[in-house]
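Please open the structure in your viewer and keep the sequence at hand. The tour below proposes a series of selections and describes what is found at each.

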Amino acid sequence: MEDLSIYKQNNLLYSQEKLSKYQPGGYHPVSLGDTFKDGRYEIHHKLGWGGFSTVWLANDRENNQWVSLKIMRADTSQGSRELYHLNLLADRSQGKPSAKYIVSVLDSFTHEGPNGTHLCIVFELLGPSVDKVVDDYYSFGDDLETDIILRMSEQLLEAVSLIHEAGMGHGDISGGNIAFSCDNLSHATKDELFAVLGSPEVEELARLDGKPLDDSLPKQLVKPAEWEAWVDEDEEDIRILDFGEAFIQGNEPKVLAQPGQLRVPELIFTNCFDYRVDLWRAGCMIHAFIFGTYPFQYLGEDEVLILQMIGFVGKLPEDWQPIWERMKSSFKRDLDLLEDVEVSELDRRLSRREPDPVLTLLALVIRKLMRFVPSSRIEASEALDMLRSNKDAE
């Protein structure tokens with residue numbers, strides 16, 4: 001583990017991507033003002049980071065527009081399937097209106113740096129993640145307006161349907177992998193854009209002993225944009241992004257990375273999954289749009305997660321019951337007393353909201369998407385038809 005005590009101390013040293021990942025094969029060190037592809041893309045802010053990449057706000061000098069520049073770690077650049085899957089999806093969905101709900105790839109290239117060769121993918125400028133916007137609303141005690149919830153849900157289902165019709169699965173639908181488009185600001189002035197993003201918070205990285213930094217390390221630590229003045233969620237569309245876990249139907253990977261609270265039940269009880277993991281996760285997302293949280297909390301115990309699922313979805317399939325009984329028998333707490341649920345947790349949560357026929361319909365869609373057996377889940381296109389037929393009947 002990196003010894004951070006040798007550096008000049010500041011908050012960003014501990015809150016950003018790990019410095020230990022800046023080594024041969026790791027992240028590419030980036031400073032504000034750096035340029036890529038022979039000066040075409042100039043870095044102005046940081047947008048985020050993950051386990052396999054950092055993402056930066058760049059100005060495309062050739063087209064005079066703001067873009068998102070994703071720089072992959074060197075050790076995952078060559079084997080990355082994300083660009084392949086995005087290009088394949090774009091090819092298979094040409095001319096379909098719902099393709100606009102998938103993030104647009106504008107350019108791609110490789111960049112040689114001190115830590116290796118990095119795949120760089122240029123995307124359209126994206127706004128804040130859905131997770132952030134939803135969290136901001138509900139942390140202040142507000143709810144998203146029903147028409148925004150419905151529009152986001154329809155766009156999500158359109159995108160998932162498009163992915164599935166193209167013979168693919170996304171594999172990682174989550175609020176962090178859905179962002180708002182940013183058409184209103186893609187050609188704004190820098191001052192106009194920073195008025196919404198917030199100005200970059202930067203700390204110089206320096207050793208306390210005065211020795212020079214290793215070339216593999218960044219010279220600056222940059223805090224990601226917080227979108228502190230974002231107000232365009234009622235005007236902008238959503239975009240599905242991050243296809244790092246995507247797969248071709250019939251050629252599913254052996255392992256699927258999943259956040260605990262978004263785990264799909266079939267991967268707890270079986271070793272099999274397919275594109276219908278996206279349907280369960282879409283249901284989780286619509287729940288988050290309505291209530292501000294995912295349906296389940298995960299604290300490291302599968303048994304407690306399953307119990308929450310039973311309270312939300314209903315009884316487990318008979319084929320899974322023997323596995324569940326074995327799990328309960330080895331668990332340190334008595335789960336039987338908690339398992340008999342008369343009212344579904346979804347109904348209970350909905351009862352706390354003002355009666356609204358749209359939310360009632362969305363709750364029905366959630367129930368039909370979040371069924372234990374994948375083959376019993378409705379397809380995204382069917383869920384979309386349910387929502388639209390109701391609108392047509394009004």
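Begin by selecting D278, which lies in helix 8 (residues 277–291). The model is a predicted one. D278 is buried yet has no salt bridge; the nearest side chain of opposite charge, that of R281, is 6.9 Å away.

Which backbone nitrogen does the side chain of D278 reach at 2.8 Å? Select H170, whose backbone nitrogen is the one reached. Then add G171: its backbone nitrogen lies 2.9 Å from a polar atom of the D278 side chain. Beyond its immediate sequence neighbours, D278 touches several residues, among them V160, H164 and I173.

Turn next to the salt bridges, of which the structure holds 25. Select R40 and E62, a pair whose closest N and O atoms are 3.6 Å apart. R40 is in the loop between strand 1 (35–36) and strand 2 (41–49), while E62 is in the loop between strand 3 (53–60) and strand 4 (65–72). R40 counts as buried because its relative accessibility is 17%, whereas E62, at 58%, counts as exposed. Add K37, D60 and D107 to the selection to display the salt-bridge network that links them with R40 and E62.

Move on to E165 and K96, which form a salt bridge with closest N and O atoms 3.8 Å apart. E165 belongs to helix 5 (residues 146–165) and K96 to the loop between helix 3 (82–92) and strand 5 (105–113), so the bridge ties together parts 69 residues apart in sequence.

Finish with R263 and D302, whose side chains meet in a salt bridge at 2.4 Å, N to O. D302 is in helix 9 (residues 302–313), and R263 is buried, with a relative accessible area of 17%.

How values were computed: Residues numbered from 1 in each chain as written. Predicted model: local features only at pLDDT ≥ 70, side-chain atom pairs only at ≥ 80, totals over all residues. Heavy atoms only, no water. Helix = DSSP H or I, 4+ residues; strand = E, 2+ residues; numbered from the N terminus. Buried < 20%, exposed > 50% of the residue type's maximum accessible area, 1.4 Å probe, protein only. Lys, Arg positive; Asp, Glu negative; His and termini not counted. Salt bridge = Lys/Arg side-chain N within 4 Å of Asp/Glu carboxyl O. Polar contact = N/O pair within 3.5 Å; in protein donor to acceptor, adjacent residues only side chain to side chain. Contact = heavy atoms within 4.5 Å. Lists of a residue's contacts leave out its neighbours within four places in sequence.
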